[in-house]
Amino acid sequence: MDSVNGLSRITLVLHWLVAIPMIGMLALGLYMTNLELFDYYDLHKSLGILLGGVIVLRVIWRLRQGWLPPVANYAKSEMLLARYTHWTLIISTLLMPVSGMIMSGASGHGFDVFGLELVRENPDPTHPDKVIAFNEFWSGFGETLHEYAGYILILAIVLHILGALKHQFIYKDAILRRMLGQNTKLK
Ligand code: HEM
Ligand code: HEM
């Protein structure tokens, strides 16, 4: 169980198993889109869907366990800011794989997990190198959501990391140590 003195192994593993790959996926997404490196799209989709599975487990775990108990008494405004940021992180991590699948599925590009097809492509019979959207509305909706949820997520991660650094170097409390798996019980 998560407690003031230490976090459960499941909380620790799920936090870092989502946090580090998520930062990598944001970087890969921006890199391949801005430089139009279409060869990376299949890799991005496959990794994103697998990561989506871990994200779902993590959200279920967090909702069932409730939020982490604070290690000290902080100002109400800071507690609220941390809580809003955690909600933003949880919701937008979920929205990224979901919106990616809506966009790729509805646009007719399809997606697979390392060759295992989940939604097929819809090639244009008259232009075999192009695809026809199954549904223009959902394709555009997924694309917009994927882009903006990505920007919101980046902002939330920056705020989150600044918060962790503030706890570590200004408050000098045990928040970061606890998330790194150390027992914070005062000896
Ligand atoms: C390398 C950067 C990161 C550091 C140093 C870090 C650090 C922390 C710390 C210290 C906590 C505990 C806060 C508390 O005790 O109240 C925490 C919780 C949390 N972090 Fe991070 N984090 C990082 C990256 C991320 C990323 C990239 C995400 C999401 C994409 C994320 C999502 C969360 C969430 C949702 C919580 C709330 C508790 C939980 O659900 O486990 N973190 N993080
Ligand atoms: C799981 C975490 C994911 C993250 C963090 C992520 C992040 C990103 C980011 C930041 C971009 C650049 C957005 C832009 O500038 O327009 C992007 C593009 C893209 N992502 Fe993801 N993505 C994820 C999952 C997925 C999944 C599961 C799929 C599809 C199955 C997907 C399909 C795409 C596609 C097709 C693009 C290119 C869009 C374009 O060319 O306009 N992504 N992703």
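This tour moves through a predicted model, from the chain as a whole to its two iron sites and then to two further residues.

Because the model is predicted, local features require pLDDT of at least 70 and side-chain atom pairs count only at pLDDT 80 or more, whereas totals for chains, interfaces and linings use all residues. Residues are numbered from 1 along each chain as its sequence is written, chains are lettered from A and ligands numbered from 1 in the order in which they are written, and side-chain values use heavy atoms, with hydrogens and water left out.

**Stop 1: the annotated spans**

Select residues 8-181, which the unreviewed UniProt entry annotates as "domain: Cytochrome b561 bacterial/Ni-hydrogenase". UniProt positions are given in the numbering used here, feature names are shortened, and annotations may be inferred rather than shown by experiment. This span is 71% helix and 4% strand, and its end C-alpha atoms are 8 Å apart. Helices (H or I, at least four residues) and strands (E, at least two) are DSSP runs, numbered from the N terminus.

Next, colour residues 12-31, 43-63, 84-106 and 148-169, listed under "transmembrane region" in the unreviewed UniProt entry. Residues 43-63 are 100% helix and 0% strand, with 30 Å between the end C-alpha atoms. Residues 84-106 are likewise 100% helix and 0% strand, with 32 Å between their end C-alpha atoms.

**Stop 2: the iron atom of ligand 1**

Centre the view on the iron atom of ligand 1. Its protein donors are the NE2 atoms of His15 and His160, at 2.0 Å. Donors are N, O and S atoms within 2.8 Å of the metal (3.2 Å for Na, K and Ca); water is not among the atoms, so sites may look incomplete. The histidine pair joins distant parts of the chain, His15 lying in helix H1 and His160 in helix H4, 145 residues apart.

The arrangement is octahedral because the six donor atoms subtend angles of 85 to 178°. Six donors count as octahedral if opposite donors are over 155 degrees apart and all others between 65 and 115. For reference, the ideal angles for six octahedral donors are 90 or 180 degrees.

Now compare the accessibility of the two histidines. His15 is buried, at a relative accessible area of 11%, while His160 is partly exposed, at 28%. Buried means under 20% relative accessible area, exposed over 50%, and partly exposed in between (1.4 Å probe, protein chains only).

**Stop 3: the shell around ligand 1**

Expand the selection to the 20 residues that surround ligand 1, of which His15, Arg58, Arg62, His160 and Arg178 are the closest. A residue belongs to such a shell if one of its heavy atoms lies within 4 Å of the molecule. Helices H1 (9-34), H2, H3 (76-106), H4 and H5 (175-179) each contribute at least two residues, and H1 gives the largest share, five residues. The shell comprises 13 nonpolar, four polar and three charged residues. Here Ala, Val, Leu, Ile, Met, Phe, Trp, Tyr, Cys and Pro count as nonpolar, Asp, Glu, Lys and Arg as charged, and the others, Gly among them, as polar.

Two arginines merit display as sticks. An N or O atom in the side chain of Arg58 lies 2.9 Å from an oxygen atom of ligand 1, and a polar side-chain atom of Arg178 lies 2.8 Å from an oxygen atom of ligand 1.

**Stop 4: the iron atom of ligand 2**

Move to the iron atom of ligand 2, where His44 (NE2) and His146 (NE2) are the protein donors, lying 2.0 Å from the metal. His44 is in helix H2 (residues 41-65) and His146 in helix H4 (residues 136-171), 102 residues apart along the chain. This site is octahedral, with angles of 86 to 180° among its six donor atoms. Both His44 and His146 are buried.

**Stop 5: the shell around ligand 2**

Select the 23 residues that surround ligand 2; the closest are Tyr41, His44, Met96, Gly100 and His146. At Tyr41, a polar side-chain atom lies 2.7 Å from an oxygen atom of ligand 2. H1, H2, H3 and H4 are the elements that give two or more residues to this shell, and H1 provides the largest share, seven residues. By class, the shell has 13 nonpolar, seven polar and three charged residues.

**Stop 6: two further residues**

Select Trp138 in helix H4, which is partly exposed at a relative accessible area of 41%. Trp138 and Ser107 are 31 residues apart in sequence, with 7.8 Å between their C-alpha atoms.

Finish at Gly53 in helix H2, which counts as partly exposed at 38% relative accessibility. The C-alpha atoms of Gly53 and Met179 are separated by 22 Å, and these residues are 126 residues apart along the chain.

Key. Tetrahedral: all angles 85-135°; square planar, octahedral: opposite > 155°, others 65-115°. Polar contact = N/O pair within 3.5 Å; in protein donor to acceptor, adjacent residues only side chain to side chain.
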